[in-house]
Amino acid sequence: MSQREKIYLFDTTLRDGQQTPGIDFGVEDKIAIAKLLDEFGVDYVEGGYPGANPTDTAFFEKNRLKNAAFVAFGMTKRAGVSASNDPGVSALLQSQSDAVCFVAKSWDYHVDVALGITNEENLEGISASVEATVAARKEAMVDCEHFFDGYKANPEYAVACARAAFEAGARWVVLCDTNGGTQPAEVAQIVSDVIAAGIPGDHLGIHAHNDTGQAVANSLAAVDAGVRQVQGTLNGIGERCGNANLVTLIPTLVLKPLWNQRFVTEIDGEKLKQLTRISHAFDELLNRSPEPQSPYVGASSFATKAGIHASALLKDPKTYEHVEPETVGNQRKVMVSDQGGKSNFINELKRRGIDVAKDNPRLDRLISIVKEHEASGYAYEGADASFELLARRTLGRVPEFFKVDSFRVMVERRFDANGNLKTVSEAIVKVEIDGEAKMSVAEGHGPVNALDIALRKDLGKYQDEIEDLELTDYKVRILNGGTEAVTRVLIESRDQTGERWWTVGVSDNIIDASFQALMDSVTYKLLKIRKGG
């Protein structure tokens, strides 16, 4: 087999994905997602627009990545000023990024209407911005916005914009289907035309939107035609109908012979086994339910209810599966003896430093408990610490650091001495440590905060170990309707080591669910110290 060419994977979840209605990442969210992507193996992580808002400016104060290139996004310089005197360009070059991705107009209609400048001024802005980035020793790339629509309207000018970026020294010239209406055959033809015009495919990228449901197909058509960088987002988030879904694109490139015989990516077969976990953990971070029919990673992706299908699957899974579910960290949901499920559990436990034999009866018990819990509303993909605690308890490996005998929460709404309406929360927690009973009382900003303060007020000999424990996020999801609904609470914690972990609680009482997650957070902190974390 001839040498395979590399496809570079560019993630823009933190920048373009943030355009999704209802999604607004804080700095801590961005740090967590960037780490997830960096460990997974994408080549580029685009983090946002330093200088445009406090969140992105803070995010780019230091380089957040160990493996991937950290990419800052922004506009090319304005007409009438030099790149060195443009504050937007300066913010990009001064940020702690490895690379800068400029967005540039490549449709003459937009140059005239949106920018109000001449076509020549736009080309000069592209060239000068790229040159300034190269001079600053950062990798330069240009997103040619509305490229495909621009090409259809004025092919000479669209290509001139791409050529200006390439000739100025851009490592990547990215062709963007910004409105998402271009069809795969059109993408293939236009990419071929651009390469024929003198811009090599190993310097071209594709950025597809999903407005006709074909962002993944358009991305693959572009690869077929010669581009070697693919842009997209986790779970396909993005404005309007979303962006090309990397969670679908990556396994297609890695697993399908049409692609893997010609191309290679940084994500190998071993890393790909993390795909389902990463996809579901990301959805939990967004506080939304994973789409069950998502390709490769959905809960229904390898499930069947049809009798003849189930019978055939039991004889040979290949009869109704296009890939083995284990290759993407998923599992089939029809087999009576769920070996796929068991191997997934073993892999997840091994990842956490827990070795367990496949024939260990406690492993079967753990699988049974997890399935029971998930049926009642727990979601362990997004609560890694709670899963590890449950696993270690079931396998008999967690000390009982403390025992909570009872807790009480009171919420009082009243007028204070100045006549202002106030809501006051007070919590009482009774714990037992080494047979010694302790009671702590605390007020807080809401019942959960009061419970958290009370629980951690006096843990005896463990008190010093939890001083640096900090709760950084709290998410609530109602799992069914009505005021008596079952509630899932997800809590994110961190400590001074920088490690972050998620814990989960489920109950028809929101306070009880919250307290379950709080107890798991504290217990995990104490456990990880003993693991050397």
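Accessible areas here come from the Shrake-Rupley method with a 1.4 Å probe. I worked from a predicted model.

**Entry 1, surface and charge.** I looked up the accessible surface of the protein chain and found about 23,300 Å². Carbon and sulfur atoms account for 49% of that surface. I then checked the charged side chains: 59 are positive and 77 are negative. The centres of the two sets lie 6 Å apart.

**Entry 2, overall fold.** I counted the secondary structure of the protein chain as 19 helices and 16 strands. Its radius of gyration is 26 Å, and the globule rule gives 24 Å for 533 residues; the two are close, so I note the chain as being as compact as a globular protein of that length. I also took the span of the C-alpha trace along its principal axes, which is about 80 × 75 × 45 Å.

**Entry 3, burial and contacts.** I find that 52% of the 533 residues count as buried. For contacts, I considered pairs of residues at least 6 apart in sequence. Of these contacts, 65% join residues at least 24 apart.

**Entry 4, Thr248.** I located Thr248 in helix 10, which covers residues 246–255. Is Thr248 buried or exposed? Its relative accessibility is 12%, and buried means under 20%, so I enter Thr248 as buried. I set aside its neighbours within four places in sequence and listed what Thr248 is in contact with: Val216, Pro295 and Tyr296.

**Entry 5, Glu120.** I located Glu120 in helix 5, residues 119–135. Its relative accessibility is 57%, and the cut-off for exposed is over 50%, so Glu120 goes down as exposed. I also took the C-alpha to C-alpha distance from Glu120 to Thr497, which is 52 Å. In sequence, Glu120 and Thr497 are 377 residues apart.

**Entry 6, aromatic rings.** I searched the whole structure for aromatic pairs and got 15. Among them is the pair of Trp259 and Phe263, with 6.5 Å centre to centre and 25 degrees between the planes. Planes under 30 degrees apart count as stacked, so I recorded the Trp259 and Phe263 pair as stacked. I then looked up the accessibility of each partner. Trp259 has 7% relative accessibility and counts as buried. Phe263 has 5% and also counts as buried. Elsewhere in my notes on rings, I have Phe59, Phe60 and Phe70 linked into a cluster by ring pairs.

How values were computed: Residues numbered from 1 in each chain as written. Predicted model: local features only at pLDDT ≥ 70, side-chain atom pairs only at ≥ 80, totals over all residues. Heavy atoms only, no water. Helix = DSSP H or I, 4+ residues; strand = E, 2+ residues; numbered from the N terminus. Rg over C-alpha atoms; globule rule 2.2 N^0.38 Å. Buried < 20%, exposed > 50% of the residue type's maximum accessible area, 1.4 Å probe, protein only. Contact = heavy atoms within 4.5 Å. Lys, Arg positive; Asp, Glu negative; His and termini not counted. Charge placed at Lys NZ, Arg CZ, Asp CG, Glu CD. Phe/Tyr/Trp six-rings, centres within 6.5 Å; stacked < 30°, edge-to-face > 60°.
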